[in-house]
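Subject: Structure for you to look at

Hello,

Here is the structure I said I would pass on. Please open it first, then read the notes below with it on your screen.

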Amino acid sequence: MARNADRIRAVKGTRDILPPESRLWLKVEEICRDILDAYGFQEIRTPIFEETELFARSVGTNTDIVSKEMYSFEDRDGRSLTLRPEATASVMRAYLDSGAVNQGGVKKYYYSGPMFRRERPQKGRFRQFYQIGAEVLGSDHPTVDVEVLEMLDLLLERLSLTDCVLLLNSVGCSTCRPAYVEALQSSLESVASKMCADCRRRTSTNPLRVLDCKVPADQPIIEGLPKILDYLCSECSGHFRAVTSGLDRRKIRYTITPRLVRGLDYYTRTTFEITHSGLGSQNALLGGGRYDGLSELIGGPPVKGLGFAIGEDRFLMAVERSGALASSAGPEVFVAWMGEEAREAALGAARQLRREGIRTEIVFDPVNFKKSLALANKMGARWTLIVGDDEVKRGLFQIKDMQTGQQEELPAGRLMEEMRARRNKSAPV
Ligand code: AMP
């Protein structure tokens, strides 16, 4: 006899999204897609794995993502491949590969799907997590930045997500950032010895990342470091002014956050993040910015771009907390039957209802009406349609409103008409 093997469980940092939660995910995705569509974004689907080099060059070898967190493996032909830790680089690669880059004009893409980073799992942080993101390629006009932020503002409103704050900054460009990084590095040299080990390391490898440090003892030191907004060249500061005044005109509130440099090397000018106060330490719902140098990093011609990625896992946590999208996952109609002839009538009714898109449940084996009604209640059905031999003889159904307890007779020939009318009157279920 085979011994019972240890039961295999999900890999650390991954999880299953089961009903009824998966229903909420679909709803949120639908709302996101509708808004992206209204703003002219079209879906792009890129592979889940890419050449390691794509991320190494674009995200940057000195970032945590590339140096510590990538799921990389050698393919059978010796090539190094990586499960995507983010999708912006893939979208840019697809834009170059497909030749869309040569068509001119502005392209707006969106994507959604899993990303992979080997981070330390905790609340709101997974090793396989989901992002919905969008990219605008082909323009460096500040109105692009403003329009994307306006769209995100609408999305938060549609999802009834209050308690959100838009953090905004500019990280300059290749003209002005080097002088800032130099100033930052020289200030850090005198204080680094008092900072955490990560900050000491980053002082030489990636000084901008010091600004991301969350260690409490380092905070007063970081507050005293030079601020990038004081180092912007005239083009970058003009761009930043145009973005803030566009937001002001739209009455979209933001907090200028000089420390917001974001983790990835490819950002230039505008960077932003939206945080939610109910999420604990992993409170960033989404992040993004402009990346005018990304295409060149992966061997393409200059391309102006701006994008963002929503952390869908955290978005869902916030939506669940707000309760605004809470909905019953139960059937709209539960069909209860007793007797062979009634069974046929019940199955016929269920078929008609389902063809109409009405969520309908029916039991396969005979159970008495009392049990059926208890089951309908347990499932959270809105109505129960009841048919026994007597109803078949008289050519009708009984319909019980599970909220009011009221029961009425419906002539079989008017079933769909009556159901449609009831559904239109009732709140969405
Ligand atoms: P990033 O691609 O790092 O700019 O992240 C964009 C958004 O993705 C963040 O604001 C988070 O909401 C989400 N995110 C990033 N890493 C993780 C993770 N390991 N687990 C869950 N969500 C994440």
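Pro 20 is found in the segment before helix 1, which spans 21-38. The peptide bond from Pro 19 to Pro 20 is cis, with omega near 5°. Before going on, please keep in mind that this is a predicted model.

Two other backbone points belong with that one. Most residues other than glycine have a negative phi, and most peptide bonds are trans. Asp 163 is not a glycine, yet its phi is positive, at about 60°. You will find Asp 163 in the loop that runs between helix 5 (142-158) and strand 7 (164-170). Arg 269 also has a positive phi, near 50°, and is likewise a residue other than glycine. Arg 269 is in strand 9, residues 268-276. Is Arg 269 buried or exposed? Its relative accessibility is 13%, and buried means under 20%, so Arg 269 counts as buried.

Next, the ligand.

There are 15 residues around the ligand, and those that come nearest are Arg 117, Glu 119, Phe 126, Arg 262 and Ala 284. By class, this shell has 6 nonpolar, 4 polar and 5 charged residues. Which strands each supply at least two residues of the shell? They are strand 6 (128-137), strand 10 (284-290) and strand 11 (305-311). Strand 10 gives the most, with 4 residues.

Several backbone atoms lie beside ligand oxygens. For Ala 284, a backbone N or O atom is 2.8 Å from an oxygen atom of the ligand. For Leu 285, the distance from a backbone N or O atom to a ligand oxygen is 3.2 Å. For Leu 286, the corresponding value is 3.5 Å, again from a backbone N or O atom to an oxygen atom of the ligand. The ligand taken alone exposes 480 Å², and the protein buries 92% of that.

Last, two of the sheets.

One is an open sheet of 5 strands, in the order 13-12-14-15-16, with mixed pairing. Which strands stand at its edges? They are strand 13 (360-362) and strand 16 (407-411); each has a single partner strand, so one side of each is left without a neighbour in the sheet. Neighbouring strands here are turned by 25° against each other on average, with direction ignored. To follow one pairing by eye, take strand 15 (residues 396-401) and strand 16, which pair in the antiparallel sense over 5 bridges. Lys 400 has Gln 407, in strand 16, as its bridge partner.

The other is an open sheet of 3 strands, in the order 2-4-3, and its pairing is antiparallel. Strand 2 (49-51) and strand 3 (71-74) are at the edges, and each has a single partner strand, so one side of each lacks a neighbour in the sheet. The twist from one strand to the next averages 30°. Strand 2 pairs with strand 4 (residues 80-83) in the antiparallel sense, over 3 bridges. Phe 49 has Leu 83, in strand 4, as its bridge partner.

Those are the points I have for you.

Regards

Notes
Residues are numbered from 1 along each chain as its sequence is written. This is a predicted model: local features need pLDDT of at least 70, side-chain atom pairs count only at pLDDT 80 or more; totals for chains, interfaces and linings use all residues. Side-chain values use heavy atoms; hydrogens and water are left out. A residue is near a molecule or strand if one of its heavy atoms lies within 4 Å of it. A polar contact is a pair of N or O atoms within 3.5 Å; within protein, one must be able to donate a hydrogen and the other to accept it, and residues adjacent in sequence count only if both atoms are side-chain atoms. Accessible areas come from the Shrake-Rupley method with a 1.4 Å probe; for residues, only the protein chains shown count as cover. Ala, Val, Leu, Ile, Met, Phe, Trp, Tyr, Cys and Pro count as nonpolar, Asp, Glu, Lys and Arg as charged, and the others, Gly among them, as polar. Buried means under 20% relative accessible area, exposed over 50%, partly exposed in between (1.4 Å probe, protein chains only). Two strands pair if DSSP finds at least two bridges between them. Axes are lines fitted to C-alpha atoms, for helices over the stretch in contact, and angles run from 0 to 180 degrees between N-to-C directions.
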